[in-house]
Amino acid sequence: MTYSVGITGVGKYLPEKILTNQDLEKMVDTSDAWIVERTGIRTRHIAAPEQATSDLALEASLKALADAGAKPEELDMIIVATETPDYKYPSTACLLQAKLGARNAACFDLSAGCSGFVYAMGIGSQSIASGLYRKILIVGAETLSRILDWTDRNTCVLFGDGAGAAVLERVEEGYGILSLDLGADGTGGGHLIQPAGGSRNPATHETVDAHGHTVHMNGQEVFRFAARKMPAACKKVLQKAGMTIDDISLLVPHQANRRIIDNALTRLKIDPKRVWVNIEKYGNTSAACIPICLSEAWEAGRLKKGDNVILVAFGAGLTWAGALLKWAKESEVDTIG
Ligand code: UT7
C-alpha cells in the first residue's frame, strides 16, 4: 500500500544575536568585502550561551506543529538532522520529544551533513507512504557556532545557527513528494570533517589544543563537488518525475555559498526569480538551511498549492540530496482567492 506524502506545516527559528562581517573583521584577518564577494554572506545568527540545538529545534517545531494543526502526542516519529547535537547521546530527537511531550514518537538523529533535512524527508516520507506511520516531524537544527574555530578565517565566516522544521503527513493523491535523489561519495569524507571527539580520535588535552573538535574543510574540493552534484540532483528528480526545469515554481538550494548557487542556476538555466536565497542574512546553517528557506517562502506567500518545488543540498559525507514536491498545502491566499 502506498500513499502520497507531503508537508503540512513548516516553521523556523533563528537565535536573536546577529554577528556581522564587521564584527568578524575584529576577530580574524578578514574583510566585509572578501566575505560578501566570495560567499554572499553579510550576517549570521548565533545561539545564546544557554541555547543548545534542541532548544532551537523546539522553537521551530512548535511553529511547524501549529502550522500543521497537529498536536505533539499525534507524532509517530521525530527525525532531527544535525551535525551539532546537544550530546553524542541521547539523540537530540529524544531531547526534543521530551520538550514537546511527543510521547508516542520514535526518535533518532540523522547525520548527512547539510543534506540531512532532505534525507530526513526521504526516510520520513517512506514511513508514511508505506502505511506504517501517519505524522512525522522532521527537523534541521544546528548550533555550528559551538564547533567553529574562531581563529580560522577559512571557516568561521561561513556558518550560522538556526533551525527549521516540517510536519509530514498523507496528502491528496498526486501531491507531495514526487521524486527523490539521495546519494553519497564517502571517498570525499576528509574534505569536511570534525576530526576529534569520536572513536578515531577521542577527546584528549592534545585534541583540544590542536583544534580537533572544530570544523575542518577543504573549501575548494567541497565547492567542486557541490558545483557538479547540485545540478545533477535537480536533473535526476526532474527526470524521475517526468518534468523539466520550466515546470518548477521554486528551487530551494542549500545556502553554502552564493557562487555555488549562481553556478547551479546557470547550469540549470532557471530564472533567478524562481530561486530562494537568504544566505546574505543567515550564512550556512547546514541541515537547517532548507527548512528555514521553505518556512520563509511559505510565510512570504511564495508557495501555492500545486506549485512544483525542488529542494537540493550537499554536505559532509560527502552527501547530496534532491527532492521534488508538488506543494500540497492550501495557503491563506489560495483559500481567500
Ligand atoms: O555546506 C557545505 C559546507 N561548505 C561549503 O559549501 C564550502 C564550499 N567552498 C566555498 O564556499 C569556498 O571554497 C570558500 C568560501 C570556503 C573559499 O573561497 P575560495 O574562493 O575557494 O577561496 P580560497 O580557499 O581559494 O582562498 C583564496 C584566498 C586565500 O588566500 P591566498 O592563499 O590566496 O593568499 C585564503 O587564505 O582567500 C583567503 N581567505 C580569506 N581572506 C579573507 C580565505 N578565507 C578568507 C577570509 N577573509 N575569511
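What follows is a conversation about the ligand site and several residues of a predicted model.

Mentor: Local features in this predicted model need pLDDT of at least 70, side-chain atom pairs count only at pLDDT 80 or more, and totals for chains, interfaces and linings use all residues. Residues are numbered from 1 along each chain as its sequence is written, and side-chain values use heavy atoms, with hydrogens and water left out.

Trainee: What makes a residue part of the group that surrounds the ligand?

Mentor: A residue is near a molecule if one of its heavy atoms lies within 4 Å of it. There are 23 residues around the ligand, and Thr30, Arg38, Gln220, His254 and Asn257 are the closest.

Trainee: Why is the pair formed by Gln220 and the ligand called a polar contact?

Mentor: The term requires a pair of N or O atoms within 3.5 Å; within protein, one must be able to donate a hydrogen and the other to accept it, and residues adjacent in sequence count only if both atoms are side-chain atoms. An N or O atom in the side chain of Gln220 lies 2.4 Å from an oxygen atom of the ligand, so the pair meets the distance limit. For Asn257 the corresponding distance is 2.7 Å, and for a polar side-chain atom of Trp34 it is 3.4 Å.

Trainee: Why is Thr155 called buried?

Mentor: Buried means under 20% relative accessible area, exposed over 50%, and partly exposed in between, with a 1.4 Å probe and protein chains only. Thr155 has 1% relative accessibility and therefore counts as buried. Its side chain also makes a polar contact of 2.9 Å with the side chain of Asp152.

Trainee: How do you know whether Ala288 is buried or exposed?

Mentor: The relative accessible area of Ala288 is 0%, and so Ala288 is buried. Between the C-alpha atoms of Ala288 and Ser115 the distance is 9.3 Å, although the two residues are 173 apart in sequence.

Trainee: What makes the backbone of Lys269 and Ser286 worth a remark?

Mentor: Most residues other than glycine have a negative phi, and most peptide bonds are trans. Lys269 has a positive phi near 55°, and Ser286 has a positive phi of about 55°. At 68% relative accessibility Lys269 counts as exposed, whereas Ser286, at 4%, counts as buried.

Trainee: Which peptide bond involving Pro90 is cis?

Mentor: The bond that joins Tyr89 and Pro90 is cis, with omega about 0°. The bond from Gly317 to Leu318 is also cis, with omega near -5°.
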